[in-house]
Amino acid sequence: VAIGFLIINSLGTILIPLLPGLAINALVHRDEQALYIVCAAFFANNTIVWLSAYQQVYQMTWVGQHALYRVSSDLFRHIGSLSLRFFDENETGRVMARMQNDVSVLQNTLSNGMISILGSLISLVGILVTLFILNWELAAMVSVSVPVMTATLWIWQHYARRSFLQARATISAVNATIQENVSGVRVIQSVSRERLNTRSFASVNNDNRNANVEAGRISAVVQPLVALIAACAMAVAIFVGGDMILNGTM
């Protein structure tokens, strides 16, 4: 159901920039009736886009939350069946991080990530087809940005993967340290280890901070790069397309 609404939403999104273009053509040709039709179509299309987006988000949230429930239940049942040796070798905080943080990330991936990627692919194919139907020469020039953007993201994700895995590992260590200190607070206070444990926590917390700052730095690189490539494609469209209009070829 969510994918069905996603396809409707993607097709409607493709029409959003196309319809104002048709309205401009109607204005140029002073066709009042065509202008009214295009305006009505624009309003109807945006209404469909809004309704389909609402249903898509709701349905994927439903899927994600039910998946989260199933995974959490299965994980809890599995932990209960593990040997005592496992719990001797793994801190409770690390297990808790898997149960809470990592499962939550998985739920977000199911609810937003996968459906977002699919929607982007549908939109990309639809937009390219539309552009080539309108003017294949201009579309060929603009679509050069697609492989450039793909190559940029492919190179970037190698660095991003390493950084985000490190960030996930360090938050597990932080959670493990917190859990050990809270559950063993009586023992810690009885042997006066508060200051030593504080220094130990400061160390793992520092590692977590540095890992997340590095992940943030790598994330900050990609968005301006993508925006720059898109801006270059827009500049080509305006310059070459404008020249075609001035020469009367489009």
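## Exercises on a predicted helical model

Arg30 counts as exposed, because its relative accessibility is 77%. The model is a predicted one. The exercises below start from this residue and move on to the helices.

**Exercise 1. Place Arg30 and describe its backbone.**

Solution.
- Step 1: locate the residue. Arg30 sits in the loop that links H1 and H2.
- Step 2: read the backbone angle. The phi of Arg30 is positive, about 55°, although Arg30 is not a glycine.
- Step 3: set this against the general rule. Most residues other than glycine have a negative phi.
- Step 4: add the accessibility. The cut-off for exposed is over 50%. Arg30, at 77%, therefore counts as exposed.

**Exercise 2. Work out how H1 and H2 are arranged.**

Solution.
- Step 1: choose the descriptors. Two packed helices are described by the angle between their axes and the distance between the axes.
- Step 2: take the values. The axes of H1 (residues 2–28) and H2 (residues 32–80) come within 8 Å and cross at roughly 160°.
- Step 3: classify the angle. Angles over 145 degrees count as roughly antiparallel, so H1 is roughly antiparallel to H2.
- Step 4: give the hand. H1 and H2 cross in a left-handed manner.
- Step 5: sort the contact residues of H1 with H2. They divide into 21 nonpolar, nine polar and no charged.

**Exercise 3. Do the same for H6 and H8.**

Solution.
- Step 1: take the values. The H6 and H8 axes cross at roughly 165° and come within 9 Å.
- Step 2: classify. That crossing makes H6 roughly antiparallel to H8.
- Step 3: give the hand. The H6–H8 crossing is left-handed.
- Step 4: sort the contact residues of H6 with H8. There are 22 nonpolar, 12 polar and two charged.
- Step 5: pick one residue of H6. Ser145 belongs to this helix, which covers residues 145–183. Ser145 counts as buried because its relative accessibility is 16%, and the cut-off for buried is under 20%.
- Step 6: list its partners. Beyond its neighbours within four places in sequence, Ser145 is in contact with Ile229 and Ala233. Both Ile229 and Ala233 are among the buried residues of H8.

**Exercise 4. Test whether the length of H8 fits its residue count.**

Solution.
- Step 1: count. H8 runs over residues 194–246, which is 53 residues.
- Step 2: predict the span. At 1.5 Å a residue, H8 should span 78 Å.
- Step 3: compare. The end C-alpha atoms of H8 are 77 Å apart, which agrees.
- Step 4: look past the end. H8 is followed by Gly248, with a positive phi near 75°.

**Exercise 5. Find the packing partners of H8 and compare Val240 with Val221.**

Solution.
- Step 1: name the partners. The buried residues of H8 pack against H5 (136–142), H6 and H7 (185–190).
- Step 2: examine Val240, a residue of H8. Val240 has a relative accessible area of 18%, so it is buried.
- Step 3: find its contacts. Not counting residues up to four places away in sequence, Val240 touches Leu138 and Met141.
- Step 4: check a distance along H8. Val240 and Glu214 are 26 residues apart along the chain, and their C-alpha atoms are separated by 40 Å.
- Step 5: turn to Val221, also placed in H8. Val221 has a relative accessible area of 39% and is therefore partly exposed.
- Step 6: relate Val221 to Val63. The two are 158 residues apart in sequence, and 32 Å apart in space from C-alpha to C-alpha.

Note on methods. Residues numbered from 1 in each chain as written. Predicted model: local features only at pLDDT ≥ 70, side-chain atom pairs only at ≥ 80, totals over all residues. Heavy atoms only, no water. Helix = DSSP H or I, 4+ residues; strand = E, 2+ residues; numbered from the N terminus. Buried < 20%, exposed > 50% of the residue type's maximum accessible area, 1.4 Å probe, protein only. Contact = heavy atoms within 4.5 Å. Expected span 1.5 Å × (residues − 1). Axes fitted to C-alpha atoms, helices over the stretch in contact; angles between N-to-C directions. Parallel < 35°, antiparallel > 145°, perpendicular 65-115°, else oblique. Left-handed = near helix turned anticlockwise from the far one by under 90°. Nonpolar A, V, L, I, M, F, W, Y, C, P; charged D, E, K, R; others polar.
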